[in-house]
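Hi everyone, thanks for making time. I'd like to walk you through one structure today, so let's get it up on the screen.

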Amino acid sequence: MKKTFLATLAVAALAITSLSAHAQKDPEVGGAAMYPTKTIVENAVNSPIHKTLVAAVKAGGLVDTLNSPGPFTVFAPTDDAFAKLPAGTVDTLVKPESKDTLDKILTYHVVAGKISSKELEKMIKKGGGKATLKTVQGEDLTASMSGGNIILTDAKGGTATVTTADVFQSNGVIHVIDTVLMPN
């Protein structure tokens, strides 16, 4: 089950679009079409801005699990988000001996269920400005609002901004983020 969540995270990041539930036209991501009737995996392979995430999912052996029904909410870091990590971090994480650490980081970006940005905003308001989300990895993420943006705070105090929300797929939703989130 853990591999399913990890795989969903990685491929979800690849399926980035700005599709809303009521959109008339299928969105494009980096010039690639995304389809709400396809799974995260089926769409992700076409996203040119999530190559690092796809490589991480492959290294974790999670690609096959991303076709599971879910639903999942995935906070998907872009290639630029991975590029913010210290030099050599990604190369180290995709090595076989780092699989446990990689899996921990990937599953930290996944929450069970399908949570739209509107639902997340309601949770934040109900929580007095913050919402706690339990990740598949087991630790919490804290969501808040800043200037109309959803901000995620990780276990180490780092923050990521949702840059594209509500990318709906047949097995969940992804929200594109600008920074890789880190668990303890």
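I'll talk about a cavity, then a few strands, then two residues. One thing to keep in mind throughout is that this is a predicted model.

Okay, the cavity. How many cavities of 30 Å³ or more does a search of the whole structure find? It finds one. Its volume comes out at about 50 Å³. If you want to find it on screen, look for the residues that line it: Thr52, Ala56, Phe82, Val90, Leu93, Val94, Leu102 and Ile105. Three helices each give two or more residues to that lining, namely α3 (51-59), α5 (89-93) and α6 (99-107). And what kind of residues are they? Seven are nonpolar, one is polar, and none is charged.

Now let's move along the chain to some strands. Strand β7, residues 149-153, runs antiparallel to strand β8, residues 159-169, and three bridges join them. To pick out one pairing, Ile151 has Thr161 in β8 as its bridge partner. The hairpin of β7 and β8 has five residues between the strands, and there Gly157 takes a positive phi near 90 degrees.

Carry on from β8 and you get to strand β9, residues 172-177. These two also pair in the antiparallel sense, over five bridges. Here the hairpin goes through two residues. If you'd like a pair to click on, Phe168 is bridged to Val173 in β9.

Val173 is a handy link to the first of my two residues, as Thr73 touches it. Thr73 sits in strand β3, residues 72-77. So is Thr73 buried or exposed? It counts as buried, because its relative accessibility is 1% and the cut-off for buried is under 20%. Looking beyond residues up to four places away in sequence, Thr73 also touches His109, Val110, Val111, Gly113, Lys114, Ile115 and His175. With Ile115 there's a polar detail too: a polar atom of the Thr73 side chain lies 2.7 Å from the backbone nitrogen of Ile115.

The second residue is Ser117, in helix α7, residues 117-126. Ser117 is buried as well, with a relative accessible area of 9%. Which residues does Ser117 contact, leaving aside neighbours within four places in sequence? They are Ile150, Ala165, Asp166 and His175. So His175 turns up for Ser117, just as it did for Thr73. Finally, Ser117 and Ile174 are 57 residues apart along the chain, and their C-alpha atoms are separated by 9.8 Å.

That's my tour, thanks for listening.

Key
Residues numbered from 1 in each chain as written. Predicted model: local features only at pLDDT ≥ 70, side-chain atom pairs only at ≥ 80, totals over all residues. Heavy atoms only, no water. 1 Å grid on protein atoms, 1.4 Å probe; cavity = no way out; pocket = protein on both sides within 12 Å on 5 of 7 lines; lining within 4 Å. Points joined across faces, edges and corners; volume = space filled by probe spheres on them. Helix = DSSP H or I, 4+ residues; strand = E, 2+ residues; numbered from the N terminus. Nonpolar A, V, L, I, M, F, W, Y, C, P; charged D, E, K, R; others polar. Buried < 20%, exposed > 50% of the residue type's maximum accessible area, 1.4 Å probe, protein only. Polar contact = N/O pair within 3.5 Å; in protein donor to acceptor, adjacent residues only side chain to side chain. Contact = heavy atoms within 4.5 Å. Pairing = 2+ DSSP bridges.
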